[in-house]
Amino acid sequence: VQHGSGSWGVRLGRNAILSLMGNYYEAFQRRSERDFRTATGALHLDAAHGSGSRARLRLGYQALGYKPAPAYDFQGPLGGLTVMRDLSSGDPDELVSWRLALSYGVALRLYEGQAFGPRERCQDESELSLCNYLKDEGREDLAHSIRVSVRYLGNAVASLWYGVDINYSNSFGESYARHMVGIKFTSHLRWGLFLTTKGVLQFSEFADPYLVSTTSGEISSSTFTSIDDENRSTLLVQLARDVAEHWALHLRYSLYANETGSPAAVGSKEAAGFIRHLIFLGVRFSYESS
């Protein structure tokens, strides 16, 4: 896996920053449905009002190349708006801060491949057989995302969020609503240890009664993201400890499983069940110049 990103910004007056950002991600997995590359370029406008309110407007373009099946390559424009409000209380020595955030994003995805029509009786087959036939038009998806979150900063750091992704597609089986509920908590323990826990529950509702078979029974038509950002229900537990001025140790366990409500989670023969355990031990070095 290789991942790179960069940004450049310029200040506009006292309370606004205009920045250009780019992101590139590529996974190299031989004979795997997760072998893909994705790139995004976007223009961000960040503005602040007073000491506690901020907003970000995002306009950009994205492209994805899916190596096992080029018909699932797509590109298209994207946009979004995020607004945040910080609220603080308490004296300076015991400051408590709350952050409320609301964001909306939209993306148009124009695929290289054609759209599928509804399932119908297969040609030259028995009455029990159903097939999907390609339409005479290319596949187009319009994806919406909404996020609402609350963050607490005091004697611990905690956040709670809800999100929904709604995808409208002209290809049968590709329209859905995916709901996400998440919580994250970080607190100081004894002996200099910090504990972080994170849980995300995801469940989906599909507009069509059948999951579309794509190019083969082993390839599912999902939106491909970073392997640690995929559409799965997640449980994470991490312990971290500073061992020197610039050095820290991290021990993390992660569990990824099928999202609730997906055909794979309810025993569909068209999608295999998924569960992945990840154990990570790392060393972090940080240095800040004055």
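The protein chain contains 0 helices and 15 strands. The model is predicted. Its average pLDDT is 84, and 81% of the residues reach at least 70. Confidence falls in particular stretches. Over residues 264–272 the pLDDT is below 50. This stretch still has 15 contacts in the model beyond near neighbours in sequence. Residues 211–222 likewise stay under 50 in pLDDT. For residues 211–222, the model has 28 contacts beyond four places in sequence.

The chain comprises 290 residues, of which 32% count as buried. About 18200 Å² of the protein chain is exposed. Carbon and sulfur atoms supply 58% of that area. Among contacts with a separation of 6 or more, 54% link residues 24 or more positions apart.

Strand pairing was examined around β9, which spans residues 134–153. β9 pairs with β6 in the antiparallel sense, over 16 bridges. Within this pairing, Arg109 stands opposite Asp141 of β9. β9 is also joined to β10, residues 157–169, by 13 bridges. These two strands run antiparallel as well. Here Arg151 stands opposite Ser159 in β10. β9 and β10 form a hairpin, with 3 residues between them.

The largest nonpolar core consists of 10 residues. Its aromatic members are Tyr25, Phe36, Tyr66, Tyr72, Phe74, Tyr111 and Phe116. Ala27, Leu64 and Ala69 complete the set. Two of the contributing strands are β4 (53–66) and β6 (96–116), each of which supplies at least two residues of this core. Tyr111 is one of the core residues. Leaving aside neighbours within four places in sequence, Tyr111 is in contact with Ala71, Tyr72, Asp73 and Phe74. Arg139 and Asp141 are further contacts of Tyr111. Of these partners, Tyr72 and Phe74 also belong to the core. Asp141 is the residue of β9 that stands opposite Arg109.

Three further positions were examined individually. Thr234 lies in strand β13, which covers residues 233–242. Its relative accessible area is 16%, so Thr234 is buried, the cut-off being under 20%. Residues up to four places away in sequence aside, Thr234 touches Lys198, Gly199 and Val200. Leu255 and Tyr256 are also touched by Thr234.

Ala48 is placed in strand β3, residues 36–49. Ala48 counts as partly exposed because its relative accessibility is 31%, and this class lies between the limits of 20% and 50%. Asn15 is 33 residues from Ala48 along the chain, yet the C-alpha atoms of the two are separated by 5.2 Å. Ala48 also touches Asn15. Ser53 and Arg54 are the other residues in contact with Ala48, again not counting those up to four places away in sequence.

Trp191 occupies the loop between β11 (176–188) and β12 (193–206). Its relative accessibility is 66%, so Trp191 counts as exposed, the threshold being over 50%. The phi angle of Trp191 is near 60 degrees. This is a positive value in a residue other than glycine.

Terms used
Residues numbered from 1 in each chain as written. Predicted model: local features only at pLDDT ≥ 70, side-chain atom pairs only at ≥ 80, totals over all residues. Heavy atoms only, no water. Core = buried A, V, L, I, M, F, W, Y, C linked by side-chain atoms within 4.5 Å. Buried < 20%, exposed > 50% of the residue type's maximum accessible area, 1.4 Å probe, protein only. Helix = DSSP H or I, 4+ residues; strand = E, 2+ residues; numbered from the N terminus. Contact = heavy atoms within 4.5 Å. pLDDT = per-residue confidence, 0-100. Pairing = 2+ DSSP bridges. Areas by Shrake-Rupley, 256 points an atom, 1.4 Å probe, with all protein chains shown as cover.
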